[in-house]
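I opened a notebook for this chain and wrote down what I looked up, entry by entry. The sequence and structure come before the entries.

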Amino acid sequence: MKKTKVMSTFGLNAPAFSKEIADKDLWLPPSKRELVDEIVEAVSERQSVLLTGEPGTGKTCVLRAVRHRLPGEGFRLTYCHNATLGRRDFYRQLCLALGLTPSATAAAVFYAVSTHVADLAKDRVYPAFLLDEAHLLHQDTLDHLHILLNYEWDSKALLSLILVGLPELRDRLDLRRNRSLCSRIHRRISIDALTPDDTAAYVEMRLERAGCGRQLFTADALALLHEHTFGAMRERVPGGSSSKSATRGVKAEVGEVQTALDLEIVVDYGVSIADVAKDVRENVIAAVERMTGLEVVEVNIAVSDVKLPDEEEDEPETRLQ
Ligand SMILES: Nc1ncnc2c1ncn2[C@@H]1O[C@H](COP(=O)(O)OP(=O)(O)OP(=O)(O)O)[C@@H](O)[C@H]1O
Ligand SMILES: [Mg+2]
């Protein structure tokens with residue numbers, strides 16, 4: 001792997017916060033291990049589960065840890081992440097994931113999937129369908145899902161449904177219309193945002209796995225990082241926040257290891273624009289690289305306004321300092 005500037009500066013042998021982390025290397029503190037245990041137990045008992053949490057809190061990584069933990073024999077995990085399909089295409093996707101040839105009509109694809117599940121059960125193999133981003137499921141797909149759990153006159157549990165999504169999925173399932181499915185969900189699990197201690201432990205673990213042998217962040221920097229990420233683990237850089245005032249004038253293009261920033265600044269009349277731009281560039285690069293581990297390859301600065309001495313300070317919070 002080609003070493004980036006950040007990697008060589010901080011003695012890393014891999015990008016520290018990349019999403020390319022092997023299942024076996026996932027960070028599993030006791031709180032996350034409990035979630036994994038509970039899902040593994042549910043799948044072993046062919047129960048269905050609802051797992052919800054805010055974006056970036058590690059839901060999909062928990063599924064990956066479940067995949068890693070489940071024994072290869074006796075289970076067939078099928079991961080579906082395109083939840084935006086209508087009912088027929090949803091079952092076609094399931095067919096393809098199961099290695100079946102999808103037929104044309106909704107009834108035929110559904111029949112193919114359920115017959116396949118029943119056949120697997122004869123060999124004591126039980127599928128778990130992991131439906132990620134399930135808050136996006138079409139209502140007509142959701143209406144039908146409980147039927148997928150119905151075998152031998154609804155007397156046999158042959159598979160687990162693991163519905164994973166944002167917290168609003170819980171509210172959707174609580175709607176009267178979805179009560180048939182809701183009543184078949186055995187466990188409801190929510191994944192909490194990280195605590196400040198978790199954030200510190202997570203950062204330490206990722207840096208250690210990337211080969212960093214020293215303490216890079218002070219306690220204050222970690223506290224700040226926690227505050228800015230709201231306890232989520234996905235990398236954030238300016239431009240990714242939902243706060244309008246903090247991000248106005250900042251755009252970011254974020255890659256796996258590099259980022260490019262476009263900044264708009266307002267300068268006071270009479271100052272040297274070249275000097276201000278140079279200072280802003282240096283400070284922003286240092287701060288973003290320190291906070292995110294991404295290499296800032298480009299900072300484009302545009303002066304959007306010049307503040308005259310007698311001008312009113314109308315929106316001071318949007319200014320870059
Ligand atoms: N257990 C973990 N170990 C290591 N890294 C993790 C772990 N959980 C999350 N991460 C990091 O945080 C990122 C986001 O996690 P993940 O994709 O699991 O979140 P999510 O809750 O599924 O988000 P979304 O709702 O947006 O799909 C991962 O790409 C990974 O870099
Ligand atoms: Mg996810």
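The entries below go from the whole chain to the ligand, the cores, a helix pair and some single residues.

**Entry: the whole chain**

I noted before anything else that this is a predicted model. I then looked up the secondary structure, which comes to 12 helices and eight strands. I also looked up burial: 25% of the 321 residues count as buried. For contacts, I took those with a separation of 6 or more, and found that residues 24 or more positions apart account for 73% of them.

**Entry: ligand 1**

Which residues come nearest to ligand 1? I found 15 residues around ligand 1, and of these Lys19, Trp27, Gly58, Cys61 and Met233 come nearest. I then asked which helix gives the most to this shell. The helix is helix 3, residues 59-69, which contributes three residues. I sorted the shell by class as well, and obtained six nonpolar, five polar and four charged residues.

**Entry: the nonpolar cores**

I turned to the largest nonpolar core, which has 42 residues. Leu131 and Ile162 touch the most other members of this core. I followed up Leu131 and left aside its neighbours within four places in sequence. Leu131 is then in contact with Cys80, Ala83, Leu161, Ile162, Leu163 and Val164. Apart from the largest core I found another core, of nine residues, with Ala16, Leu194, Leu207 and Leu222 among them.

**Entry: helix 9 and helix 10**

At what angle do helix 9 and helix 10 pack? Helix 9 covers residues 196-209 and helix 10 covers residues 219-229; the angle is about 110°, and the axes are 9 Å apart. I therefore wrote down helix 9 as roughly perpendicular to helix 10, since angles of 65 to 115 degrees count as such.

I listed the residues that make the contact. Helix 9 supplies Pro196, Thr199, Ala200 and Val203, and helix 10 supplies Leu222, Ala223, Leu225, His226 and Thr229. By class, this contact has six nonpolar, three polar and no charged residues.

**Entry: two positive phi angles**

I looked for residues with an unusual sign of phi. Most residues other than glycine have a negative phi. Trp153 has a positive phi of about 55° and is not a glycine. I located Trp153 in the loop between helix 6 and strand 4, the strand of residues 160-165. Is Trp153 buried or exposed? Trp153 is exposed, because 6 other C-beta atoms lie within 10 Å and the cut-off for exposed is 12 or fewer.

Phe230 also has a positive phi of about 55°, and Phe230 is not a glycine either. Phe230 lies in the loop between helix 10 and helix 11, the latter being residues 244-247. I counted Phe230 as partly exposed, with 15 other C-beta atoms within 10 Å.

**Entry: Leu136**

I found Leu136 in the loop between strand 3 (126-131) and helix 6 (139-148). Leu136 has 16 C-beta neighbours inside 10 Å, so Leu136 counts as partly exposed. Not counting residues up to four places away in sequence, Leu136 touches Ala83 and Thr84. I also checked Leu136 against His81: they are 55 residues apart in sequence, and 9.9 Å apart in space from C-alpha to C-alpha.

**Entry: Arg187**

Where in the chain is Arg187? I placed Arg187 in strand 5, residues 187-190. Arg187 counts as partly exposed, with 15 C-beta neighbours inside 10 Å. Residues up to four places away in sequence aside, Arg187 touches Glu38, Ala42, Gln47 and Val49. I took one of these, Gln47, and looked up its distance from Arg187. The two are 140 residues apart in sequence, and their C-alpha atoms are 7.8 Å apart.

**Entry: Glu298**

I found Glu298 in strand 8, residues 295-307. Glu298 has 12 other C-beta atoms within 10 Å, so I entered Glu298 as exposed. With neighbours within four places in sequence left aside, Glu298 is in contact with Ala260 and Leu261. Glu298 and Glu253 are 45 residues apart in sequence and 9.7 Å apart, C-alpha to C-alpha.

**Entry: Asp37**

My last look-up was Asp37, in helix 2, residues 30-44. Asp37 is partly exposed, with 14 other C-beta atoms within 10 Å. Asp37 and Leu70 are 33 residues apart along the chain, and 9.9 Å separates their C-alpha atoms.

Definitions and conventions: Residues numbered from 1 in each chain as written. Chains lettered and ligands numbered in written order. Predicted model: local features only at pLDDT ≥ 70, side-chain atom pairs only at ≥ 80, totals over all residues. Near = placed C-beta within 6 Å. Helix = DSSP H or I, 4+ residues; strand = E, 2+ residues; numbered from the N terminus. Nonpolar A, V, L, I, M, F, W, Y, C, P; charged D, E, K, R; others polar. Core = buried A, V, L, I, M, F, W, Y, C linked by C-beta atoms within 7 Å. Buried ≥ 20, exposed ≤ 12 C-beta atoms within 10 Å, placed from the backbone. Contact = placed C-beta atoms within 7 Å. Axes fitted to C-alpha atoms, helices over the stretch in contact; angles between N-to-C directions. Parallel < 35°, antiparallel > 145°, perpendicular 65-115°, else oblique.
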